[in-house]
Amino acid sequence: MAAAAATVYGNGTLPEEILTDILSRLPVKPLCRFKCVSPSWNSLISDPYFVKTHLNRTDTLKNPKHPYQNKIIISTCDNLYSVRKSEKKNLYSVDLTNLNPTITKLDFPTTARHAAVRSSCDGLLLASNSDHSILFLLNPSTGERNKLPTRPPVLDPVQMIHGSHSGLGYDSSTDDYKVVIFTRYKTEFSPFFSILDVYSLKTNAWRRIKCLHYCPMGNNGGVFLKGCIHGLCWRVGSIVAFYLSDEVFREVPTPASFRQGKICSYDVAVFGGCLCLVKKGKTEVWMMMEYGVRESWTEFTIHSGFRMARLLCLLAEDEFLLSTYGERGLNQLVVYNQQKDTARDMVVCDIPPRFSFEGTYAESLISPHHGRGNGGQ
């Protein structure tokens with residue numbers, strides 16, 4: 001089919017705008033192969049306009065009601081029945097776009113055994129080792145990767161790290177992807193101080209902001225929504241949003257019923273394009289239906305019928321994907337329909353019996369080297 005289309009296009013009988021419309025509806029992997037059809041196809045698929053068009057048509061957050069658009073990442077160890085620090089961590093991508101989901105082992109670009117996926121945006125993943133000293137941007141759909149330069153060192157004698165947030169997001173004002181590492185330290189001379197490191201993909205450089213009022217809570221990946229990286233912070237006991245455009249912090253109102261300190265038992269997430277608070281170890285969720293409006297927080301509980309379950313992502317309207325724990329601590333993926341209050345198993349061939357959830361992403365042609373609009377060059 002590709003060869004036939006190439007002949008038609010080569011004879012000038014198929015306008016480029018029609019060819020662009022057709023190709024922009026295809027998955028990433030065949031598009032990567034189609035670059036070899038001809039120089040004109042390679043130029044078209046690599047064109048920034050085409051990359052943006054393809055992204056807008058496959059962006060899960062822009063189509064939250066479209067079922068099976070997400071891909072999830074899980075991790076495990078070589079020895080599934082005994083977790084030790086010396087064991088190598090393996091990462092897998094589970095493709096939920098088919099009725100029969102498939103799993104693929106990812107070629108993780110670091111020798112760090114306990115590296116993890118910290119955040120995702122527009123098909124790009126931010127990955128690092130445990131102390132964030134090794135950072136990568138990678139696109140698992142195209143296989144491209146980019147090792148980021150080392151962050152500037154902390155000059156003060158650090159005694160311990162109390163918390164760290166890391167996030168990846170897109171700054172539409174500058175057409176740039178940015179990585180944010182927000183860390184709280186304790187030193188011999190200070191009870192705490194926070195450092196914010198911001199990396200720009202366009203400039204390939206880090207900038208640092210010191211002595212921030214906010215302090216990250218826990219060691220979670222920051223979630224990207226509405227042009228901001230979101231995380232939980234001490235002192236204010238609230239959700240804090242870092243705006244990538246003007247690089248300032250602003251607080252996001254929490255549910256009115258939250259008492260001081262209650263937010264400590266929650267994690268921040270994004271489901272269906274809405275900011276959410278998910279209770280740790282449970283399936284109790286607060287969803288902010290209108291961003292920034294305190295009164296729009298809505299609480300619901302997923303009655304899965306399982307003793308232990310973790311909410312992973314929203315598959316379609318009223319359908320959630322859960323990870324449950326059965327006998328001997330083995331994992332199982334379950335699709336829960338909130339409206340019907342029903343649950344069914346999601347069978348994935350060759351999925352490890354024990355795994356941890358690392359995050360979600362959608363396919364794209366975005367390059368981890370040049371940022372948005374340079375699809376795969």
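Let's start with a charged pair: Arg25 and Asp21 form a salt bridge, and their closest N and O atoms sit 3.1 Å apart. Keep in mind that this is a predicted model. Arg25 is the exposed partner, at 55% relative accessibility, while Asp21 comes out as partly exposed at 28%.

Asp21 has another partner as well. It forms a salt bridge with Arg57, with 2.7 Å between the closest N and O atoms. Asp21 belongs to helix H2 (residues 16-23) and Arg57 to helix H5 (residues 48-58), so this pair ties together parts that are 36 residues apart in sequence. Arg57 is partly exposed, with 35% relative accessible area.

Now for a pair elsewhere in the chain. The side chains of Arg207 and Glu247 meet in a salt bridge at 2.2 Å, N to O. Arg207 is in strand S11 (residues 205-210), and Glu247 is in the loop between strand S15 (238-243) and strand S16 (248-252), so the two tie together parts that lie 40 residues apart in sequence. Arg207 is partly exposed, its relative accessible area being 42%. Glu247, on the other hand, is buried: its relative accessible area is 17%, and the cut-off for buried is under 20%. The pair also belongs to something wider, since salt bridges with shared partners join Asp171, Lys178, Arg207 and Glu247 into one network.

Here are the three pairs side by side.

| Salt bridge | N to O distance |
|---|---|
| Arg25 and Asp21 | 3.1 Å |
| Asp21 and Arg57 | 2.7 Å |
| Arg207 and Glu247 | 2.2 Å |

These pairs are part of a longer list, as a search of the whole structure turns up 11 salt bridges. As background, side chains of opposite charge can pair when their charged atoms come close.

What about the nonpolar side of things? The largest nonpolar core holds 41 residues, and those with the most contacts inside it are Leu23, Leu168, Tyr177, Val179, Leu196 and Phe249. Strand S9 (residues 176-187) gives the most to this core, contributing five residues. There is also a second, separate core, made of 17 residues, with Leu225, Val252, Phe258 and Trp297 among them. In soluble globular proteins, nonpolar side chains tend to be buried together.

Definitions and conventions
Residues are numbered from 1 along each chain as its sequence is written. This is a predicted model: local features need pLDDT of at least 70, side-chain atom pairs count only at pLDDT 80 or more; totals for chains, interfaces and linings use all residues. Side-chain values use heavy atoms; hydrogens and water are left out. A nonpolar core is a set of buried Ala, Val, Leu, Ile, Met, Phe, Trp, Tyr and Cys residues joined through side-chain atoms within 4.5 Å. Buried means under 20% relative accessible area, exposed over 50%, partly exposed in between (1.4 Å probe, protein chains only). Helices (H or I, at least four residues) and strands (E, at least two) are DSSP runs, numbered from the N terminus. A salt bridge is a side-chain nitrogen of Lys or Arg within 4 Å of a carboxyl oxygen of Asp or Glu.
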